Amino acid sequence: MSPVISQEDIYRALEQVMDPEIPVLSVIDLGMITDVEVTGPGSAHIKMVPTFAACPAISYIKDNIRTVVENTLGIAVTVEIDKQVHWESNRMTAAAKEKLKNFGIAPPQAVEGEMQPEIMLNTPCPHCGSEHTYLRSPFGSTLCRAIHYCKSCGQVFEQFKPLE
Amino acid sequence: MINNAALTDLIVKMADDELIQGHRNSEWTGLGPVMEEDIAFSSMAQDKIGHAWALYRILHENLEGEDPDRFAFVRPESAFKCSHLVELPNGAYDFSLIRHFLFDHAETVRYESLRDSSFEPFQQLSKKLKGELKYHTLHANAFIMQLSRANEESYARMQTALNETIALAAGIFEPAAIYEDILIDEKIYPGEKELYHRWLDRIYPILVKASLNLPDMDSITPEFGGRKGFHTTHLGPLLKEMGEVFNLDTEASW
(Lines give C-alpha, C1' and ligand atoms only; values in the text may rest on other atoms or scores of the structure.)
Protein backbone atom coordinates (compact mmCIF):
# COMPACT_ATOMS: atom_id res chain seq x y z
CA MET A 1 0.00 0.00 0.00
CA SER A 2 1.32 3.44 -0.90
CA PRO A 3 1.75 5.84 2.02
CA VAL A 4 -0.53 8.87 2.20
CA ILE A 5 1.74 11.84 1.91
CA SER A 6 0.86 15.47 2.55
CA GLN A 7 2.53 18.58 1.23
CA GLU A 8 3.72 19.26 4.76
CA ASP A 9 5.54 15.89 4.90
CA ILE A 10 7.41 16.85 1.77
CA TYR A 11 8.41 20.26 3.11
CA ARG A 12 9.67 18.55 6.27
CA ALA A 13 11.71 16.09 4.23
CA LEU A 14 13.15 18.97 2.22
CA GLU A 15 14.57 20.47 5.41
CA GLN A 16 17.12 17.65 5.29
CA VAL A 17 18.39 18.59 1.84
CA MET A 18 21.45 20.73 2.52
CA ASP A 19 23.31 23.10 0.24
CA PRO A 20 26.57 21.35 -0.74
CA GLU A 21 28.57 24.57 -0.40
CA ILE A 22 27.00 25.77 2.87
CA PRO A 23 26.03 22.58 4.69
CA VAL A 24 24.17 24.37 7.52
CA LEU A 25 21.52 25.66 5.12
CA SER A 26 18.74 23.56 3.64
CA VAL A 27 17.04 24.22 0.33
CA ILE A 28 14.08 25.46 2.40
CA ASP A 29 16.27 27.93 4.36
CA LEU A 30 17.64 29.26 1.09
CA GLY A 31 14.19 29.74 -0.41
CA MET A 32 15.05 27.53 -3.37
CA ILE A 33 11.76 25.62 -3.33
CA THR A 34 8.99 27.38 -5.25
CA ASP A 35 6.27 24.74 -5.35
CA VAL A 36 5.43 21.32 -3.96
CA GLU A 37 2.58 19.32 -5.39
CA VAL A 38 1.33 15.91 -4.34
CA THR A 39 0.48 14.41 -7.72
CA GLY A 40 -0.88 11.05 -6.57
CA PRO A 41 -0.95 8.64 -3.62
CA GLY A 42 2.74 7.81 -4.10
CA SER A 43 4.14 10.67 -6.11
CA ALA A 44 5.06 14.32 -5.89
CA HIS A 45 6.38 17.10 -8.09
CA ILE A 46 8.76 19.72 -6.71
CA LYS A 47 9.77 22.98 -8.36
CA MET A 48 12.99 24.78 -7.47
CA VAL A 49 15.17 27.71 -8.54
CA PRO A 50 18.95 28.03 -8.60
CA THR A 51 20.49 30.92 -6.65
CA PHE A 52 22.87 32.09 -9.42
CA ALA A 53 22.26 31.36 -13.11
CA ALA A 54 25.54 29.50 -13.50
CA CYS A 55 25.46 27.70 -10.15
CA PRO A 56 27.54 24.57 -10.79
CA ALA A 57 25.86 22.68 -7.95
CA ILE A 58 22.38 22.85 -9.43
CA SER A 59 22.19 19.33 -10.92
CA TYR A 60 23.66 17.94 -7.73
CA ILE A 61 21.07 19.75 -5.59
CA LYS A 62 18.27 18.69 -7.92
CA ASP A 63 19.28 15.03 -7.64
CA ASN A 64 19.65 15.38 -3.89
CA ILE A 65 16.14 16.75 -3.54
CA ARG A 66 14.75 13.81 -5.46
CA THR A 67 16.67 11.08 -3.65
CA VAL A 68 16.25 12.49 -0.14
CA VAL A 69 12.49 12.96 -0.50
CA GLU A 70 12.09 9.59 -2.22
CA ASN A 71 14.08 7.76 0.45
CA THR A 72 12.47 9.58 3.38
CA LEU A 73 8.87 9.22 2.26
CA GLY A 74 8.99 6.19 -0.05
CA ILE A 75 7.36 8.00 -2.95
CA ALA A 76 8.33 8.81 -6.53
CA VAL A 77 9.49 12.39 -6.97
CA THR A 78 10.10 14.54 -10.02
CA VAL A 79 12.03 17.81 -9.70
CA GLU A 80 11.81 20.66 -12.16
CA ILE A 81 13.63 23.99 -12.48
CA ASP A 82 11.00 26.71 -12.12
CA LYS A 83 11.46 29.22 -14.90
CA GLN A 84 8.72 31.55 -13.74
CA VAL A 85 10.36 32.43 -10.44
CA HIS A 86 13.81 33.88 -10.08
CA TRP A 87 15.77 33.60 -6.90
CA GLU A 88 16.62 36.71 -4.91
CA SER A 89 18.42 36.86 -1.58
CA ASN A 90 15.25 38.14 0.12
CA ARG A 91 13.90 34.60 -0.31
CA MET A 92 16.30 33.43 2.39
CA THR A 93 14.57 32.99 5.76
CA ALA A 94 15.52 34.94 8.90
CA ALA A 95 16.53 31.66 10.56
CA ALA A 96 18.80 30.95 7.61
CA LYS A 97 20.57 34.28 8.03
CA GLU A 98 21.22 33.48 11.68
CA LYS A 99 22.59 30.03 10.81
CA LEU A 100 24.78 31.57 8.15
CA LYS A 101 26.26 34.07 10.61
CA ASN A 102 26.97 31.33 13.14
CA PHE A 103 28.70 29.42 10.37
CA GLY A 104 31.04 32.39 9.87
CA ILE A 105 29.53 33.82 6.71
CA ALA A 106 27.92 37.27 6.81
CA PRO A 107 24.29 37.07 5.63
CA PRO A 108 23.01 39.22 2.75
CA GLN A 109 21.38 42.53 3.69
CA ALA A 110 17.68 42.85 2.89
CA VAL A 111 17.23 44.32 -0.57
CA GLU A 112 14.62 47.06 -0.83
CA GLY A 113 13.57 47.98 -4.34
CA GLU A 114 16.35 48.38 -6.86
CA MET A 115 19.54 46.84 -5.47
CA GLN A 116 22.64 49.01 -5.30
CA PRO A 117 25.76 46.86 -4.82
CA GLU A 118 27.00 49.63 -2.49
CA ILE A 119 24.80 48.16 0.25
CA MET A 120 27.60 45.65 0.66
CA LEU A 121 30.06 48.32 1.71
CA ASN A 122 29.02 48.18 5.36
CA THR A 123 28.69 44.52 6.17
CA PRO A 124 29.06 43.65 9.88
CA CYS A 125 31.78 41.12 10.65
CA PRO A 126 30.23 37.71 11.47
CA HIS A 127 33.08 37.01 13.92
CA CYS A 128 33.21 40.13 16.13
CA GLY A 129 30.13 42.08 15.01
CA SER A 130 32.16 45.18 14.12
CA GLU A 131 30.89 47.42 11.34
CA HIS A 132 34.42 48.62 10.75
CA THR A 133 34.81 46.53 7.59
CA TYR A 134 35.41 47.00 3.91
CA LEU A 135 34.53 45.13 0.74
CA ARG A 136 37.66 43.56 -0.64
CA SER A 137 36.11 41.91 -3.69
CA PRO A 138 32.54 41.31 -4.85
CA PHE A 139 33.68 37.80 -5.84
CA GLY A 140 34.55 35.00 -3.42
CA SER A 141 35.12 31.27 -3.31
CA THR A 142 31.70 30.57 -4.84
CA LEU A 143 29.48 32.65 -7.13
CA CYS A 144 27.20 33.60 -4.26
CA ARG A 145 29.94 34.97 -1.98
CA ALA A 146 31.92 38.20 -1.63
CA ILE A 147 35.14 38.81 0.34
CA HIS A 148 35.32 41.44 3.09
CA TYR A 149 37.96 42.48 5.61
CA CYS A 150 37.31 43.40 9.23
CA LYS A 151 39.53 46.20 10.53
CA SER A 152 38.57 45.47 14.14
CA CYS A 153 39.49 41.80 14.43
CA GLY A 154 41.78 41.70 11.40
CA GLN A 155 39.99 38.77 9.78
CA VAL A 156 39.03 38.25 6.19
CA PHE A 157 35.45 37.01 6.02
CA GLU A 158 32.99 35.96 3.37
CA GLN A 159 29.46 37.20 2.82
CA PHE A 160 26.52 35.66 1.00
CA LYS A 161 25.90 38.42 -1.52
CA PRO A 162 22.59 40.25 -1.70
CA LEU A 163 20.91 39.62 -5.07
CA GLU A 164 17.72 41.09 -6.46
CA MET B 1 4.30 35.63 -34.89
CA ILE B 2 7.97 36.10 -34.08
CA ASN B 3 10.49 35.67 -36.89
CA ASN B 4 12.55 32.67 -35.78
CA ALA B 5 15.53 33.22 -38.06
CA ALA B 6 15.93 36.80 -36.84
CA LEU B 7 15.60 35.75 -33.24
CA THR B 8 18.10 32.91 -33.65
CA ASP B 9 20.61 35.30 -35.19
CA LEU B 10 20.32 37.64 -32.20
CA ILE B 11 20.60 34.86 -29.62
CA VAL B 12 23.62 33.27 -31.28
CA LYS B 13 25.60 36.49 -31.36
CA MET B 14 24.79 37.27 -27.73
CA ALA B 15 25.59 33.74 -26.59
CA ASP B 16 28.83 33.49 -28.58
CA ASP B 17 30.05 36.76 -27.05
CA GLU B 18 29.34 35.34 -23.60
CA LEU B 19 31.05 32.02 -24.30
CA ILE B 20 34.21 33.49 -25.79
CA GLN B 21 34.51 36.32 -23.26
CA GLY B 22 33.88 33.77 -20.52
CA HIS B 23 36.65 31.60 -21.87
CA ARG B 24 39.06 34.54 -22.04
CA ASN B 25 38.20 35.46 -18.44
CA SER B 26 38.86 31.90 -17.35
CA GLU B 27 42.39 32.19 -18.72
CA TRP B 28 43.18 34.53 -15.80
CA THR B 29 42.61 31.65 -13.37
CA GLY B 30 45.90 31.11 -11.60
CA LEU B 31 47.48 34.16 -13.22
CA GLY B 32 45.74 37.14 -11.59
CA PRO B 33 48.00 39.88 -10.19
CA VAL B 34 46.44 39.46 -6.75
CA MET B 35 44.40 36.59 -5.44
CA GLU B 36 41.10 38.52 -5.38
CA GLU B 37 41.53 39.32 -9.06
CA ASP B 38 42.24 35.72 -9.87
CA ILE B 39 39.01 34.80 -8.10
CA ALA B 40 37.03 37.67 -9.65
CA PHE B 41 37.92 36.80 -13.24
CA SER B 42 37.29 33.12 -12.58
CA SER B 43 33.86 33.90 -11.08
CA MET B 44 32.93 36.18 -13.95
CA ALA B 45 34.06 33.49 -16.38
CA GLN B 46 31.70 31.07 -14.72
CA ASP B 47 28.83 33.57 -14.85
CA LYS B 48 29.39 34.36 -18.52
CA ILE B 49 29.63 30.76 -19.61
CA GLY B 50 26.45 30.22 -17.59
CA HIS B 51 24.79 33.04 -19.54
CA ALA B 52 25.93 31.46 -22.82
CA TRP B 53 24.50 28.15 -21.68
CA ALA B 54 21.15 29.76 -20.77
CA LEU B 55 20.96 31.33 -24.23
CA TYR B 56 21.94 28.14 -26.08
CA ARG B 57 19.27 26.41 -24.05
CA ILE B 58 16.65 28.93 -25.15
CA LEU B 59 17.65 28.13 -28.75
CA HIS B 60 17.39 24.43 -28.04
CA GLU B 61 14.06 24.54 -26.21
CA ASN B 62 12.23 27.35 -27.97
CA LEU B 63 13.66 27.51 -31.47
CA GLU B 64 14.48 23.91 -32.34
CA GLY B 65 18.18 24.52 -31.93
CA GLU B 66 20.88 21.94 -31.36
CA ASP B 67 21.94 20.53 -28.00
CA PRO B 68 23.85 23.36 -26.19
CA ASP B 69 27.11 21.38 -25.80
CA ARG B 70 27.26 20.41 -29.44
CA PHE B 71 26.30 23.90 -30.50
CA ALA B 72 29.07 25.40 -28.37
CA PHE B 73 31.82 22.99 -29.32
CA VAL B 74 31.36 21.43 -32.75
CA ARG B 75 30.41 24.40 -34.92
CA PRO B 76 32.85 25.64 -37.56
CA GLU B 77 34.48 29.02 -36.94
CA SER B 78 32.40 30.74 -39.63
CA ALA B 79 29.21 29.80 -37.78
CA PHE B 80 30.32 31.80 -34.73
CA LYS B 81 28.91 35.30 -34.46
CA CYS B 82 30.98 36.74 -31.62
CA SER B 83 32.45 40.23 -31.84
CA HIS B 84 36.18 40.70 -32.45
CA LEU B 85 36.52 42.34 -29.03
CA VAL B 86 36.02 39.09 -27.12
CA GLU B 87 38.28 37.05 -29.40
CA LEU B 88 41.50 38.90 -28.65
CA PRO B 89 43.94 37.28 -26.23
CA ASN B 90 43.96 38.71 -22.70
CA GLY B 91 47.16 40.66 -23.22
CA ALA B 92 48.27 42.80 -20.30
CA TYR B 93 46.00 43.37 -17.33
CA ASP B 94 45.14 46.90 -18.49
CA PHE B 95 43.64 45.58 -21.73
CA SER B 96 41.72 42.82 -19.96
CA LEU B 97 40.28 45.30 -17.46
CA ILE B 98 39.24 47.84 -20.07
CA ARG B 99 37.68 45.08 -22.16
CA HIS B 100 35.84 43.81 -19.08
CA PHE B 101 34.60 47.35 -18.34
CA LEU B 102 33.43 48.06 -21.91
CA PHE B 103 31.96 44.60 -22.49
CA ASP B 104 30.14 44.28 -19.18
CA HIS B 105 28.43 47.66 -19.48
CA ALA B 106 27.37 46.73 -23.03
CA GLU B 107 26.07 43.43 -21.71
CA THR B 108 24.18 45.21 -18.94
CA VAL B 109 22.36 47.68 -21.24
CA ARG B 110 21.53 44.81 -23.59
CA TYR B 111 19.95 42.59 -20.92
CA GLU B 112 18.19 45.53 -19.30
CA SER B 113 16.55 46.29 -22.64
CA LEU B 114 15.30 42.70 -22.83
CA ARG B 115 13.09 43.17 -19.78
CA ASP B 116 10.55 44.65 -22.19
CA SER B 117 11.13 42.16 -25.00
CA SER B 118 8.16 40.64 -26.79
CA PHE B 119 10.05 37.32 -26.59
CA GLU B 120 9.10 35.96 -23.18
CA PRO B 121 12.23 33.84 -22.43
CA PHE B 122 14.28 37.06 -22.75
CA GLN B 123 12.22 38.70 -20.00
CA GLN B 124 12.90 35.81 -17.63
CA LEU B 125 16.60 35.71 -18.45
CA SER B 126 17.05 39.43 -18.09
CA LYS B 127 15.50 39.39 -14.61
CA LYS B 128 17.78 36.54 -13.61
CA LEU B 129 20.98 38.17 -14.85
CA LYS B 130 20.33 41.72 -13.72
CA GLY B 131 21.61 41.28 -10.18
CA GLU B 132 24.63 39.25 -11.28
CA LEU B 133 25.73 41.82 -13.83
CA LYS B 134 25.66 44.52 -11.19
CA TYR B 135 28.54 42.77 -9.48
CA HIS B 136 30.51 42.60 -12.72
CA THR B 137 30.17 46.31 -13.39
CA LEU B 138 30.80 47.14 -9.72
CA HIS B 139 34.08 45.28 -10.02
CA ALA B 140 35.00 46.87 -13.36
CA ASN B 141 34.19 50.40 -12.19
CA ALA B 142 36.15 49.99 -8.96
CA PHE B 143 39.30 48.88 -10.77
CA ILE B 144 39.04 51.48 -13.52
CA MET B 145 38.85 54.09 -10.79
CA GLN B 146 41.68 52.66 -8.69
CA LEU B 147 44.17 52.23 -11.50
CA SER B 148 43.37 55.54 -13.13
CA ARG B 149 44.04 57.31 -9.86
CA ALA B 150 47.00 55.23 -8.64
CA ASN B 151 49.96 56.82 -10.40
CA GLU B 152 51.05 58.28 -13.72
CA GLU B 153 52.09 54.99 -15.21
CA SER B 154 48.85 53.16 -14.39
CA TYR B 155 46.80 56.15 -15.56
CA ALA B 156 48.69 56.28 -18.87
CA ARG B 157 48.27 52.56 -19.37
CA MET B 158 44.53 52.70 -18.76
CA GLN B 159 44.13 55.57 -21.22
CA THR B 160 46.22 53.76 -23.85
CA ALA B 161 44.24 50.56 -23.35
CA LEU B 162 40.99 52.52 -23.72
CA ASN B 163 42.20 54.18 -26.94
CA GLU B 164 43.22 50.83 -28.38
CA THR B 165 40.08 48.97 -27.37
CA ILE B 166 37.29 51.41 -28.12
CA ALA B 167 36.85 50.56 -31.83
CA LEU B 168 36.71 46.88 -30.97
CA ALA B 169 34.12 47.55 -28.27
CA ALA B 170 32.03 49.64 -30.66
CA GLY B 171 32.05 46.53 -32.86
CA ILE B 172 29.78 44.81 -30.33
CA PHE B 173 26.99 46.94 -31.79
CA GLU B 174 27.18 45.63 -35.34
CA PRO B 175 23.62 45.55 -36.65
CA ALA B 176 22.26 42.29 -38.02
CA ALA B 177 22.65 42.17 -41.78
CA ILE B 178 19.04 41.54 -42.71
CA TYR B 179 17.16 41.10 -39.46
CA GLU B 180 17.72 44.36 -37.60
CA ASP B 181 14.48 46.09 -38.62
CA ILE B 182 12.41 42.95 -38.07
CA LEU B 183 13.77 42.58 -34.53
CA ILE B 184 13.06 46.22 -33.74
CA ASP B 185 9.59 46.18 -35.35
CA GLU B 186 8.63 43.03 -33.48
CA LYS B 187 9.87 44.61 -30.24
CA ILE B 188 12.32 41.78 -29.59
CA TYR B 189 14.97 44.34 -28.68
CA PRO B 190 15.59 48.05 -29.34
CA GLY B 191 18.30 47.52 -31.95
CA GLU B 192 22.08 47.94 -31.92
CA LYS B 193 22.07 51.66 -32.63
CA GLU B 194 19.91 52.38 -29.61
CA LEU B 195 21.98 50.05 -27.39
CA TYR B 196 25.16 51.75 -28.56
CA HIS B 197 23.88 55.14 -27.39
CA ARG B 198 22.67 53.75 -24.07
CA TRP B 199 26.10 52.17 -23.61
CA LEU B 200 27.91 55.46 -24.26
CA ASP B 201 25.61 57.20 -21.76
CA ARG B 202 26.51 54.51 -19.23
CA ILE B 203 30.29 54.44 -19.57
CA TYR B 204 30.87 58.17 -20.06
CA PRO B 205 30.23 59.37 -16.48
CA ILE B 206 32.47 56.62 -15.06
CA LEU B 207 35.30 57.50 -17.42
CA VAL B 208 34.94 61.16 -16.42
CA LYS B 209 35.21 60.23 -12.74
CA ALA B 210 38.35 58.26 -13.56
CA SER B 211 39.69 61.24 -15.57
CA LEU B 212 39.93 59.05 -18.65
CA ASN B 213 39.15 60.59 -22.03
CA LEU B 214 36.65 58.82 -24.21
CA PRO B 215 38.06 59.00 -27.75
CA ASP B 216 36.01 60.96 -30.27
CA MET B 217 33.49 58.31 -31.24
CA ASP B 218 32.72 59.95 -34.59
CA SER B 219 36.30 59.50 -35.67
CA ILE B 220 36.62 55.79 -34.95
CA THR B 221 35.60 52.96 -37.25
CA PRO B 222 33.94 50.15 -35.29
CA GLU B 223 35.48 46.74 -35.90
CA PHE B 224 32.61 44.92 -37.52
CA GLY B 225 32.54 41.49 -39.18
CA GLY B 226 32.20 39.09 -36.29
CA ARG B 227 28.40 39.01 -36.47
CA LYS B 228 28.66 37.88 -40.09
CA GLY B 229 31.11 35.09 -39.34
CA PHE B 230 34.35 36.90 -40.25
CA HIS B 231 36.82 36.59 -37.41
CA THR B 232 40.28 37.56 -36.22
CA THR B 233 43.10 35.01 -36.41
CA HIS B 234 42.69 34.46 -32.65
CA LEU B 235 39.32 32.71 -32.74
CA GLY B 236 40.35 29.53 -34.60
CA PRO B 237 43.02 28.41 -32.10
CA LEU B 238 40.73 29.34 -29.20
CA LEU B 239 37.85 27.22 -30.53
CA LYS B 240 40.22 24.31 -31.06
CA GLU B 241 41.39 24.52 -27.48
CA MET B 242 37.88 25.02 -26.05
CA GLY B 243 36.44 22.03 -27.88
CA GLU B 244 39.40 19.75 -27.34
CA VAL B 245 37.94 17.65 -24.55
CA PHE B 246 34.38 17.56 -25.89
CA ASN B 247 35.62 16.53 -29.33
CA LEU B 248 37.54 13.57 -27.92
CA ASP B 249 34.15 11.88 -27.62
CA THR B 250 31.22 13.94 -28.80
CA GLU B 251 28.75 11.20 -27.87
CA ALA B 252 29.87 10.91 -24.25
CA SER B 253 27.65 12.04 -21.41
CA TRP B 254 29.61 14.59 -19.36
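Ser113(B) counts as buried in this predicted model, because its relative accessibility is just 8%, and the cut-off for buried is under 20%. The residue sits in helix 5 of chain B. Setting aside residues up to four places away in sequence, Ser113(B) touches Pro190(B), Leu195(B) and Arg198(B). Phe80(B), by contrast, is not close at hand: 33 residues separate Phe80(B) from Ser113(B) along the sequence, and their C-alpha atoms are 23 Å apart in space.

Helix 5 of chain B, residues 93-113, also packs with helix 1 of chain B, residues 4-26. Their axes are 12 Å apart and make an angle of about 150°. Angles over 145 degrees count as roughly antiparallel, so that is how these two helices of chain B run relative to each other. Their crossing is left-handed. On the helix 1 side, the contact is made by Leu10(B), Lys13(B), Met14(B), Asp17(B), Glu18(B), Gln21(B) and Arg24(B). Across from them, helix 5 puts in Arg99(B), Phe103(B), Glu107(B), Arg110(B) and Tyr111(B). Sorted by type, the residues of this contact come out as seven charged, four nonpolar and one polar.

Then there is the nonpolar core. The largest one has 122 residues. Those with the most contacts inside this core come from both chains: Ile10(A), Leu14(A) and Ile65(A), along with Phe122(B) and Trp199(B). Neighbours within four places in sequence aside, Trp199(B) is in contact with Leu102(B), His105(B), Ala106(B), Val109(B), Ile166(B), Ala169(B), Ala170(B), Phe173(B) and Met217(B). As a general point, nonpolar side chains tend to be buried together in soluble globular proteins.

Note on methods: Residues are numbered from 1 along each chain as its sequence is written. Chains are lettered from A and ligands numbered from 1 in the order in which they are written. This is a predicted model: local features need pLDDT of at least 70, side-chain atom pairs count only at pLDDT 80 or more; totals for chains, interfaces and linings use all residues. Side-chain values use heavy atoms; hydrogens and water are left out. Axes are lines fitted to C-alpha atoms, for helices over the stretch in contact, and angles run from 0 to 180 degrees between N-to-C directions. Helices (H or I, at least four residues) and strands (E, at least two) are DSSP runs, numbered from the N terminus. Angles under 35 degrees count as roughly parallel, over 145 as roughly antiparallel, 65 to 115 as roughly perpendicular and the rest as oblique. A crossing is left-handed if the near helix is turned anticlockwise from the far one by less than a right angle, and right-handed if clockwise. Contact means heavy atoms within 4.5 Å. Ala, Val, Leu, Ile, Met, Phe, Trp, Tyr, Cys and Pro count as nonpolar, Asp, Glu, Lys and Arg as charged, and the others, Gly among them, as polar. Buried means under 20% relative accessible area, exposed over 50%, partly exposed in between (1.4 Å probe, protein chains only). A nonpolar core is a set of buried Ala, Val, Leu, Ile, Met, Phe, Trp, Tyr and Cys residues joined through side-chain atoms within 4.5 Å.
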